[in-house]
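Biologist: Could you take a close look at one part of this model for me, the place where two of its helices pack together? Once that part is clear, I'd like to hear how the rest of the chain looks around it.

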Amino acid sequence: SFRHQALLPALTMINENVVNTPDVKDMAEAANLTPEHFSRKFKAAFNISPKRYILQKRVSLAKQKLLLANANVEQIAEQCGFCDIYYFSRVFKQELGLTPSAFRKQYELQNRQS
């Protein structure tokens, strides 16, 4: 059984609303914890802060969209819940070491060579 049952409602909220995730206060309420206690418990359980976890989920969604959708990078940033393309690009590069455009180009090159 999952040791951190109190966190399940928050995980569900995040996974069902990756683009428009609730804030930490709302997730803490769903877990019946204070925001501070919720953040500490979340980090202890998953070794990542709630905000970072949400960013990683959004980047993961963006990766899918960059590879599968015909939308431009700015549209994908918006579709994935990022407030602007500059923030999206910065977070994406921190996570993957590539800008969104470079990630897409790399994938296209690999597919052409296959």
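Modeller: Here is the helix pair, followed by a walk through some other spots in the chain.

Keep in mind that this is a predicted model. The pair to look at is helix 4, residues 50-68, and helix 7, residues 100-113. Their axes are 9 Å apart and meet at an angle of about 50°. That angle falls outside the ranges for roughly parallel, antiparallel or perpendicular, so the two helices count as oblique to each other. As for handedness, the crossing of helix 4 over helix 7 is right-handed. On the helix 4 side, the contact is made by Lys 63, Lys 65, Leu 66 and Leu 67. Helix 7 brings in Pro 100, Phe 103, Arg 104 and Tyr 107. Sorted by type, the residues of this contact come out as five nonpolar and three charged, with no polar ones.

Now let's zoom out. The protein has seven helices and zero strands, so to speak an α-α-α-α-α-α-α run from the N terminus on. Its C-alpha atoms fill a box of roughly 50 × 30 × 20 Å along the principal axes. Of the 114 residues, 32% are buried. If you take the contacts with a separation of 6 or more, 52% of them link residues 24 or more positions apart.

Starting near the beginning of the chain, His 4 sits in the segment before helix 1, which spans 8-16. With a relative accessibility of 13%, His 4 is buried, because the cut-off for that is under 20%. Setting aside its neighbours within four places in sequence, His 4 touches Lys 41 and Ala 45.

Next comes Lys 25, a residue of helix 2, which covers residues 24-30. Lys 25 is partly exposed, at 48% relative accessible area. Its C-alpha is 5.2 Å from that of Pro 35, although the two are 10 residues apart along the chain.

Two asparagines deserve a glance for their backbone angles. Asn 32 has a phi near 65°, which is positive in a residue that isn't glycine. Asn 32 belongs to the loop between helix 2 and helix 3, the latter being 35-46. With 69% relative accessible area, Asn 32 is exposed. Asn 47 also isn't a glycine, and its phi is positive too, at about 60°. You'll find Asn 47 in the loop between helix 3 and helix 4, and at 68% relative accessibility it counts as exposed.

Last, the cysteines. The count of disulfides is zero. The sulfur of Cys 80 has its closest cysteine sulfur in Cys 83, but the separation is 13 Å, which is too far for a bond, because a disulfide needs the two sulfur atoms within 2.5 Å. Seen from the other end, Cys 83 is in no disulfide either, with the sulfur of Cys 80 as its nearest at 13 Å. As for their surroundings, Cys 80 is buried, with 0% relative accessible area, whereas Cys 83 is exposed, at 65%.

Methods
Residues numbered from 1 in each chain as written. Predicted model: local features only at pLDDT ≥ 70, side-chain atom pairs only at ≥ 80, totals over all residues. Heavy atoms only, no water. Axes fitted to C-alpha atoms, helices over the stretch in contact; angles between N-to-C directions. Helix = DSSP H or I, 4+ residues; strand = E, 2+ residues; numbered from the N terminus. Parallel < 35°, antiparallel > 145°, perpendicular 65-115°, else oblique. Left-handed = near helix turned anticlockwise from the far one by under 90°. Contact = heavy atoms within 4.5 Å. Nonpolar A, V, L, I, M, F, W, Y, C, P; charged D, E, K, R; others polar. Buried < 20%, exposed > 50% of the residue type's maximum accessible area, 1.4 Å probe, protein only.
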